[in-house]
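I opened a fresh notebook page for this one, coffee at hand. My plan is to look up the pocket first, then the ligand, then a couple of backbone angles.

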Amino acid sequence: MIQDRVRTAEIAANLADVRTRIGAAAERSGRRPDDVLLVAVSKTHPIEDIVAAMAAGQRDFGENRLEELWTKVEQARSLHLDAIRWHMIGNIQSRKTRDAVGPFVLIHSIDRAKIAARLSRDAEAAGNVMKVLVEVNVSGEASKHGFTPDELLAQAGELLALPGIDVAGLMTMAPFEAEPEATRPVFRALRSLRERLADAYPAGDWNELSMGMTNDFEVAIEEGATIVRIGSAIFGSRNG
Ligand SMILES: *Cc1c(COP(=O)(O)O)cnc(C)c1O
């Protein structure tokens, strides 16, 4: 594998810039830069870009399609990239839950009870427990996946009882806004839902808030994001 030096330097510079911005936003919210986990979203980009990001210290990577995720898991294995930590951030079809059981540190996108139940069943069969986040459709947009806040408040007990999954918190995607500040109510609503869940289901662990992408991650961090999922600010645009 031949690494392109210009590309490697570009990714390192982008990562440094993103980390600086994450640190500044964390400090504005009274936290330390290390309190926010950066997941580099590598979807559609080649394994060489992941190697470049790892050389710049990045360890957590996210993919939104299981097929591409597994391809990259295999590529990373053959390159002995043992320190890599894989995140599944995209939605899972109900007939594909078995493929979501694997060497992934976190699945961010459990978007309905049926997926949770099937994933739990498949994980149990494999002798595994998958750590997951529950995806919430805060904005109510029809095009977005996820539980509505009311559905989740009603169904969280069922999710917590599933033996093959370990719920660690919530994830959301804000609508794209030309002005990032306009996303703030979405992130604030996810954080307040987390407080309500922690009150209603104190046995659960609701700590993680995966929210914020290239366009809006600073606002998300100010509102309490513990994980941000950033693609284009690190790897460039995916369609041009
Ligand atoms: C692609 C993707 C991201 C990253 O998007 P960017 O705007 O490129 O930062 C984050 N989360 C999910 C679920 C995605 O599919």
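Entry 1. How many residues in the lining of the largest pocket are nonpolar, polar and charged? Before counting, I noted that this is a predicted model. I then found eight nonpolar, nine polar and six charged residues in that lining.

Entry 2. I looked up the volume of the largest pocket and wrote down about 440 Å³. Its lining is made of 23 residues, and the closest to the pocket centre are Lys-43, Met-173, Met-213, Arg-229 and Arg-238.

Entry 3. Next I asked myself which space is taken by the ligand. It is the largest pocket, the one I had just been listing.

Entry 4. I went around the ligand and jotted down its neighbours. From the earlier part of the chain numbering I have Val-41, Lys-43, Asn-64 and Ile-89 among them. The surrounding residues also include Met-173, Met-213 and Thr-214, as well as Arg-229, Ile-230, Gly-231, Ser-232 and Arg-238. Sorted by class, this shell has five nonpolar, four polar and three charged residues.

Entry 5. Polar contacts came next, and I checked the oxygen atoms of the ligand. For Thr-214, a side-chain N or O atom is 2.6 Å from a ligand oxygen. Ser-232 also uses its side chain, with a polar atom 2.6 Å from an oxygen of the ligand. With Gly-231, it is a backbone N or O atom that lies 2.8 Å from a ligand oxygen. I also looked up how well the ligand is covered: on its own it has 390 Å² of accessible area, and the protein covers 91% of that.

Entry 6. Last, I turned to the backbone angles. Where is Thr-44 found? I located Thr-44 in the loop between β1 (37-41) and α2 (47-55). Its phi is near 70°, which is a positive value in a residue other than glycine. His-80 got a note too, with phi near 60°, again positive in a residue other than glycine. I placed His-80 in the loop that runs between α3 (66-78) and β3 (85-88).

Note on methods
Residues numbered from 1 in each chain as written. Predicted model: local features only at pLDDT ≥ 70, side-chain atom pairs only at ≥ 80, totals over all residues. Heavy atoms only, no water. 1 Å grid on protein atoms, 1.4 Å probe; cavity = no way out; pocket = protein on both sides within 12 Å on 5 of 7 lines; lining within 4 Å. Points joined across faces, edges and corners; volume = space filled by probe spheres on them. Nonpolar A, V, L, I, M, F, W, Y, C, P; charged D, E, K, R; others polar. Near = heavy atom within 4 Å. Polar contact = N/O pair within 3.5 Å; in protein donor to acceptor, adjacent residues only side chain to side chain. Areas by Shrake-Rupley, 256 points an atom, 1.4 Å probe, with all protein chains shown as cover. Sits in = over half its atoms within 2 Å of the grid points. Helix = DSSP H or I, 4+ residues; strand = E, 2+ residues; numbered from the N terminus.
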